[in-house]
Amino acid sequence: MNIVVCVKQVPDTTQVRIHAETNTLIREGIPSIVNPYDIHAVEAAVAVKESAGGRVTAITMGPPQAREALKEAISLGADDAVLISDRAFAGSDTLATGYILSEAIRKLHSESPVDLIICGKQSIDGDTAQVGPGIAQRLGFTQLTYVIKITEIDAPGRRIVVERQLERGHQVVEGRLPALLTVVKEMNEARYAPLPNLIKAAKYEPRLFDLAGLGLDRSQIGLKGSPTTVRRIFAPTPRAGGAIIADQSQTPAEAARLLVEKLQADRLL
Amino acid sequence: MAEHVTESIIEHRDVWIFIEQESGLINPVGFELLGEGRRLADDLGDKLVAVILGRDVDELAGDVFARGADKVIIVDDPVLKDYRTYPYRAGLVKLVEKYHPRILLMGATTLGRDLASAVATEVRTGLTADCTELGIDPETKLLTQTRPAFGGNVMATILCRLSRPQMSTVRPRVFKLPPADCDRAGELINETLAISEDEVPTKVLEFRAHTDHSDVEIETADVIVAGGRGLGGAEGFGLLRELADALGGEVAASRPPVEMGWVAVDRQIGQTGKTVRPKLYVAVGISGAVQHAVGMQGSDVIVAINKDPEAPIFKLATYGIVGNLFEVVPALIEALAGVERTSSDVSCEVVEEDG
Ligand SMILES: Cc1cc2nc3c(=O)[nH]c(=O)nc-3n(C[C@H](O)[C@H](O)[C@H](O)COP(=O)(O)OP(=O)(O)OC[C@H]3O[C@@H](n4cnc5c(N)ncnc54)[C@H](O)[C@@H]3O)c2cc1C
C-alpha cells in the first residue's frame, strides 16, 4: 500500500484573538501545532502500513516553517515527507488548496501509484472539512469521510471496508481503491514517537514541491484562484452571560420552572 | 470587482435548498433552510427551489412546499436509495449545470458537508462551511456568509464574488423552523439520473444506529449536560444521566470527574478534552475554570447550576441558578417531565400547481 497522509500546521486556535482597534488577527507569539485530527491521520496511515505493508508519505502545504509539521509526521512513523511551498500559494481558499494538493499527489502518483490518501476530518483553524473531499474529487478517488475504523483492506481485490461515524450511528461502507479517507479523533490513540524516529526526524529534510515543479495553472491558485474572499473579520459578540435567574431565595421547584420557561422560549425543548 | 460577475454570461438565478432525507425522513435542517432561503429569495426577487434526491421521495414534496418552496425538483432513482457521495454528487451537479442557481444552501451535517464539498469542487465554486448568518448585500446582491473561525474566537464574513452558485452549509437549528402552510402549492419537476450501480464506487453494507449513550459522539450532540467535581461521585453522574435524558442530550464532564474515573475519558470538555458548540450546554457543579471554558464557551445557550454565586461559570451562563445541585437537578427533571416536546413533523399532501 502506497499511502499519502495530508497534514497541516495550524495556530493553536484557543489563543487566536482579534485586535480590538484594527480588527486584524493577532498571530504573534501564538504557537503552531500540527492539526490534532491530522495526528490521527498519520497514526492511521502508519497502522495500515504495519498491517498491509507499504510506504507512508506525509505532505503539507504551507510556508517553509511548516516542515516542522512534517518532522513530527516522520517522528510518528511516516517514511517520507514533501513540503509544498511557494509564495504564490498564499491566500488560497479550500478550492485552490484542493487543486494544489491534488496536483502534488498526482506527481507522487506518477512516481509510484497511490492507493490511499488519509486526511484529518477537518483543520481546527478553518473547520471546513472541505479540502479532503476536494482532493478526492479532483483525483477521482473514492471519497470516504468521517472514518472511525478501517475494517478491511483487500489490496489485490482493490477494496477497502471502513466504518463511518455519522450523527445517528456507524455506517459500514465498502469502497473501491484508490480511496481518500478523512478520519475522526476516535479512530485511534496517537502513540509516542520512539527514539529512533525522533532522531530520524531531527535530521530529516523533506522534498520541496513548488509552483514551477508542479507546473500549476496560476489562475487556479492563491487569491486569484480562490472563489471565496474574506470581506471582513471581527470579534464575536461577547457572551451576554451573567444572568442569574434563580438563587437561594427561590425553592428548587421554582428555579426549575423558571429555567423550563426560558428554554421553551428559546425552542430548546 | 463586482462589476464583472459571471452573471453577465449565463444568468444565474434562484435560491436552492438541498433537502437532506434518509429513508424518506427529511432532516429538519432542510426546513430551517427553506425559512431562511425564503427571506433571501424575496430580497433578490428570486424563486425558492427545493431539491430532493433519493428513492421513493415523491411524497416529500408536499411538506417542502408547505415550508415555503416555490418549486421542487425531485430526482428519484434506485441508485439514490442510501446516501453515497458519487451518485448524489453527480445528480446535484447535473441539476446545477442545467438550471444555474444563484445560491445553493445545504445542512452542515455529515451528509451535507460530504456532498457540498464534492459538488463545489466539481463545479469549481466557493463554499462557506457552518454559516451562522446569511444576508444579501444591498449594493452587489452578493450573499454575505458569516461564520466562526479559529475555534470561535473570530467571526468572518465571506463573499463568493464571481463563481456560481454561491454555496454555504449551515448547522442544524441555527435558523428557525418556518411554520408549515399545507395550502401552499408550487411547481413540481422530475429529473432523471443516468448512473448505473456499477459506476458507483461504494456500497453501504450496514448501518448500526447508536443504542447506548456511551456510543454517541458528544461533538455532534445538540444538548450536553456536563458535570464537575460538585457531583461528588459516579452516583451523581447517574442523576445527570436522568437530566440528560429529560433534555434529549448527552453527558459530558470537566476534568476532575474523568480523573477520578466517574466518567469515561472521551467525555471530557476543555483544553485537554473536546471542544463542543451545542445548542444547549448545562454545566452542573462545574466552577468554570478557563481550561474548561475554552471547550464550551461557543455553545449557544449555557445554563449553570452551582451553589457558589461567585463561581466563574456564571459569567458565561445565559441562565444561572444558584443552588444545591442535588435539589435543583431532581426538581428540573420533574419539571421537564410535564413539558410537551415540540416536533417538526407536519405532513402535507402534495398540492400541485400548473408549472
Ligand atoms: C494544563 C491544564 C489543562 C486542563 N485541561 C482541562 C480540561 O480540558 N477540562 C477541564 O474541565 N479542566 C481542565 N483543567 C483543570 C481546570 O483547571 C479545573 O481544575 C477544572 O476544570 C475544575 O473542574 P470542576 O469545575 O469540575 O471542579 P471545581 O473547580 O472543584 O469546581 C466544583 C464546583 O462545584 C460546585 N459545587 C460543589 N458542590 C455543589 C453542590 N452540591 N451543588 C452545586 N454546586 C456544587 C462548587 O461550587 C464548584 O464551583 C486543566 C488544567 C490544566 C492546568
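Two strands are taken as paired if DSSP finds at least two bridges between them, and the strands themselves (E, at least two residues), like the helices (H or I, at least four), are DSSP runs numbered from the N terminus. Residues are numbered from 1 along each chain as its sequence is written, while chains are lettered from A and ligands numbered from 1 in the order in which they are written. The model is predicted, so local features need pLDDT of at least 70 and side-chain atom pairs count only at pLDDT 80 or more, whereas totals for chains, interfaces and linings use all residues; side-chain values use heavy atoms, with hydrogens and water left out.

**Stop 1: a four-stranded sheet shared by the chains**

Begin by selecting β14 of chain A with β8, β9 and β10 of chain B, which form an open antiparallel sheet in the order β14(A)-β10(B)-β9(B)-β8(B). At its edges, pairing on one side only, are β14 (228-234) of chain A and β8 (133-136) of chain B. From one strand to the next the twist averages 25°, where axes are lines fitted to C-alpha atoms, for helices over the stretch in contact, and angles run from 0 to 180 degrees between N-to-C directions.

Within this sheet, colour residues 143-149 and 154-160 of chain B, which are the antiparallel strands β9 and β10, joined by five bridges. A convenient residue to label is Q145(B), which stands opposite I158(B) in β10(B). Then add helix α1 (residues 29-44) of chain B, which lies across β8 and β9 of chain B and runs at about 15° to β8(B).

Follow chain B past β10 to the loop between β10 and β11 (166-170), where P165(B) lies. The peptide bond that joins R164(B) and P165(B) is cis, with omega at about -5°.

**Stop 2: a ten-stranded sheet**

Next, select the strands of the open, mixed sheet whose order is β13(A)-β7(A)-β6(A)-β1(A)-β8(A)-β12(A)-β9(A)-β10(A)-β11(A)-β13(B). Its edge strands, each paired on one side only, are β13 (207-209) of chain A and β13 (202-209) of chain B. Here the twist averages 30° from one strand to the next.

For a parallel pair, show β1 (residues 2-6) and β6 (residues 55-61) of chain A, which are connected by five bridges; in this pair V4(A) stands opposite T57(A). Helix α2 (residues 67-75) of chain A packs on the sheet and touches β6 and β7 (80-84) of chain A, its direction making about 165° with that of β7(A).

Two loops of chain A deserve a look at the backbone. In the loop between β9 (142-154) and β10 (159-166) is R158(A), which has a positive phi of about 55° although it is not a glycine. In the loop between β11 (169-176) and β12 (179-183) is P178(A), joined to L177(A) by a cis peptide bond with omega of about 0°.

**Stop 3: where chain A meets chain B**

Now display both chains and select the residues in contact (heavy atoms within 4.5 Å): 78 residues come from chain A and 90 residues from chain B. The two chains bury about 7100 Å² between them, 55% of it on carbon and sulfur atoms, buried area being the accessible area (1.4 Å probe) that two parts lose on being put together, summed over both. Of the area that chain A buries against chain B, R231(A), R239(A) and L269(A) supply 11%, more than any other three residues.

How many salt bridges does the rule find across the interface of chain A and chain B? It finds five, a salt bridge being a side-chain nitrogen of Lys or Arg within 4 Å of a carboxyl oxygen of Asp or Glu. One to zoom in on joins the side chains of E22(B) and R168(A), at 3.5 Å from N to O. To see the element that gives the largest share of the side of chain A that touches chain B, select α7(A), which contributes nine residues.

**Stop 4: the two domains of chain B**

Finally, hide chain A and colour chain B by its domain assignment, which comes from an automatic or database source and gives domain 1 (8-199) and domain 2 (218-336). The C-alpha centres of these domains of chain B lie 35 Å apart. Seven residues of domain 1 are in contact with four residues of domain 2, and about 490 Å² is buried between the domains, 38% of it on carbon and sulfur atoms. Across this interface of domain 1 and domain 2 of chain B, the rule finds zero salt bridges.
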